[in-house]
Amino acid sequence: MENTITGINKADQKHNYHLDSESIIDAIPNGEKPKMLMHVCCGPCFCFPLTYICPHFELTIYYNNSNIYPKEEYDRRLDELKKVVEYAKRDYGYDIKLIVTPYEYTSYIKDLRPYSDEPEGFVRCQTCYRKRMSEAYDYAEANGFDYFCTVMTISRHKNAQILNRIGAELEKQHKYTKYFYSDFKKDDGQEKGRLLRIQYDLYNQDYCGCEFSIRTKKGE
Ligand code: SF4
């Protein structure tokens with residue numbers, strides 16, 4: 001069955017992208033730390049990936065999330081993310097650079113509005129994933145990052161197969177930056193992230209981001 005814009009079928013659903021992450025990390029030559037740009041949507045989702053990625057990569061994170069409504073919520077999620085960056089320095093000694101792009105909800109939401117009535121996970125959301133990942137990937141390529149990754153595979157509400165398929169397509173459209181395949185939920189990643197969120201007492205939003213997701217509040 002193929003009911004998504006990325007054409008995921010049942011065979012694809014079986015792929016374990018976490019094993020791909022492990023293979024990429026295993027292939028890094030001793031003593032090297034490639035530069036990675038990671039698209040990050042909020043502090044809670046970033047907690048586990050930072051502990052997984054930072055030992056192996058020089059990490060810069062990219063907060064381009066004009067999907068979030070209203071602006072106060074966007075600012076609140078950004079503030080929580082800044083706290084996590086500080087805690088990563090304090091608790092692990094990691095220096096993580098944060099890049100924030102301008103908030104442009106009105107123009108961003110135009111492409112999603114035709115699908116406003118859809119449940120989460122279908123064309124509206126896949127369009128939303130692709131828009132943000134594509135924008136961030138372009139930045140990574142233009143600024144010499146070795147790898148690009150998205151934190152979104154940690155979310156139990158987002159299909160890692162679809163996200164990684166989009167990542168693979170974007171990789172083909174870029175010459176230099178490689179896509180880092182991931183499924184941060186696997187190998188207890190989601191639970192480890194949950195415990196870090198509690199330890200750091202982070203605000204945990206109860207809807208995904210856009211105005212259409214507010215009506216189905218359920219936690220991210
Ligand atoms: S529910 Fe989330 S992923 Fe889907 S369109 Fe809204 S903000 Fe984007």
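In what sense do β1 and strand β2 (residues 58–63) pair, and over how many bridges? I put this to the model, which is a predicted one, and found that β1 and β2 pair in the parallel sense over 5 bridges. Looking up a single position in this pairing, I noted that His 39 stands opposite Tyr 62 in β2.

**The sheet**

I then followed the strands outward and recorded an open sheet of 5 strands, ordered β3-β2-β1-β4-β5, in which the pairing is parallel. β3 (97–100) and β5 stand at the edges and have a single partner strand each, so one side of each is left without a neighbour in the sheet.

**Strand β4**

Next I looked at what lies on either side of β4, and I found that strand β1 (residues 35–39) is joined to β4 by 4 bridges, the two running parallel, while 2 bridges join β4 to strand β5 (residues 178–179), again in parallel. Phe 148 served as my reference point here, since I could trace it in both directions: Leu 37 stands opposite Phe 148 in β4, and in β5 the bridge partner of Phe 148 is Tyr 179.

Are the faces of strand β4 (residues 147–150) covered, and by which residues did I judge this? I noted that both faces are covered, with Tyr 147 and Cys 149 buried on one side and Phe 148 and Thr 150 buried on the other. I set beside this the general rule that in a regular strand the side chains alternate between the two faces of the sheet.

**Helices α2 and α7**

I turned to helix α2 (residues 43–53) and helix α7 (residues 189–199), whose axes come within 8 Å and cross at roughly 115°; the crossing in which α2 passes α7 is right-handed. From α2, I listed Pro 44, Cys 47, Phe 48 and Tyr 52, which meet Gly 189, Lys 192, Gly 193, Leu 196 and Arg 197 in α7. Sorted by class, this contact of α2 with α7 has 5 nonpolar, 2 polar and 2 charged residues.

**Around the ligand**

Last, I looked up which residues surround the ligand, and wrote down Asn 67, Leu 112, Glu 120, Arg 124, Cys 125, Cys 128, Cys 208, Gly 209, Cys 210, Phe 212 and Ser 213. The elements that give two or more residues to this shell are α5 (123–142) and α8 (211–214), and α5 gives the most, with 3 residues. I divided the shell by class into 6 nonpolar, 3 polar and 2 charged residues.

Note on methods: Residues numbered from 1 in each chain as written. Predicted model: local features only at pLDDT ≥ 70, side-chain atom pairs only at ≥ 80, totals over all residues. Near = placed C-beta within 6 Å. Nonpolar A, V, L, I, M, F, W, Y, C, P; charged D, E, K, R; others polar. Buried ≥ 20, exposed ≤ 12 C-beta atoms within 10 Å, placed from the backbone. Pairing = 2+ DSSP bridges. Axes fitted to C-alpha atoms, helices over the stretch in contact; angles between N-to-C directions. Left-handed = near helix turned anticlockwise from the far one by under 90°. Contact = placed C-beta atoms within 7 Å.
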